[in-house]
Amino acid sequence: MTYTNSPLQTYQKISPNRTSPRNHKIDTITIHCMAGNLSIETCGNAFSRKSRRASSNYGIGTDGRIAMYVEEKDRSWASSNASNDHRAVTIEVANDGGADTGWHISDRAMESLLALVTDICRRNQIKKLVWSTNKTNRVKHLNGCNMTVHRDFAAKACPGDYLYRKHPYIAEQVNKRLSALPSVPSAVSGKFLSEGLDYSPVFDPVYYADRYADLKKTFGTDSAALFRHFCTYGMTEGRIACADFNVAAYKNHYADLRNAFGDELPLYYKHYITYGQKESRNCV
């Protein structure tokens with residue numbers, strides 16, 4: 001099976017504490033708390049020490065930034081249970097409140113958590129998140145349950161009472177997002193939708209066809225066909241599909257993105273749609 005990583009990450013520090021490759025397809029989400037207000041860099045530094053013997057696939061800071069510590073193709077060492085971590089994507093979330101708040105997390109961290117979990121589900125064909133308050137259902141994946149917590153496998157408070165009680169809300173919100181937009185490239189009411197994202201900020205079918213004679217000859221003015229080509233081939237080839245976004249320029253402007261995404265060009269388009277335009281990043 002081919003695994004991909006989330007385009008929502010903006011920082012990477014790959015931990016040596018991992019098992020490569022994982023031995024089970026991804027079908028589970030396990031959310032942890034950091035039990036402190038750690039930045040994604042500080043958490044990454046902690047996981048970089050072999051003596052720590054711990055890691056997670058992703059981390060989210062109170063500021064909403066997302067880091068990757070273990071690629072999705074590999075098992076993190078997060079939940080005190082190898083079987084769980086071989087099938088789960090594990091996510092550490094920073095806390096803006098202490099133990100007396102149940103290890104509260106910020107609104108920005110919650111929004112990033114919802115976006116990240118939705119992205120993980122879409123890429124790994126998890127069609128629905130199912131939470132259960134019954135521990136047996138969780139650890140044995142009964143009745144469709146595919147969300148677990150660290151306290152299922154060890155005498156720990158993780159993910160804290162705040163996040164534990166938020167699991168029904170997380171499942172509900174992610175499922176709304178999974179069902180809201182098509183997972184296959186579709187042109188709907190002037191929007192260009194794929195994998196839960198509207199690609200309109202980086203895709204203009206008229207511009208795309210006019211710029212590339214091969215596409216105009218093959219697809220003419222069929223905007224849906226042009227968009228399918230863009231999603232299937234165009235982004236990987238680094239094609240420019242609108243006047244306002246040049247993927248090569250976007251990549252060259254930002255070292256943080258190059259460090260996160262390397263030469264995986266589709267991830268730059270996705271990052272711009274999700275974060276870059278809101279941050280007013282230079283993309284031409």
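A polar contact is taken here as a pair of N or O atoms within 3.5 Å; within protein, one atom must be able to donate a hydrogen and the other to accept it, and residues adjacent in sequence count only if both atoms are side-chain atoms. The model is predicted, so local features need pLDDT of at least 70 and side-chain atom pairs count only at pLDDT 80 or more, while totals for chains, interfaces and linings use all residues. Residues are numbered from 1 along each chain as its sequence is written, and side-chain values use heavy atoms, with hydrogens and water left out.

Gln9 makes a good starting point. A polar contact of 3.0 Å links its side chain to that of Gln12, and the Gln9 side chain also reaches the backbone oxygen of Ser6 at 3.2 Å. Gln9 has 0% relative accessibility and is therefore buried (under 20% relative accessible area; exposed is over 50%, partly exposed in between; 1.4 Å probe, protein chains only). Beyond neighbours within four places in sequence, Gln9 is in contact (heavy atoms within 4.5 Å) with Ile66, Met68, Ala260, Phe261 and His271.

The backbone also deserves a look. Most residues other than glycine have a negative phi, and most peptide bonds are trans. Cis peptide bonds join Ser20 to Pro21, with omega about -5 degrees, and Cys158 to Pro159, with omega about 15 degrees. A positive phi of about 55 degrees occurs at Ala35, which is not a glycine; Ala35 is partly exposed because its relative accessible area is 42%. Gln125, likewise not a glycine, has a positive phi of about 55 degrees, and counts as exposed because its relative accessible area is 55%.
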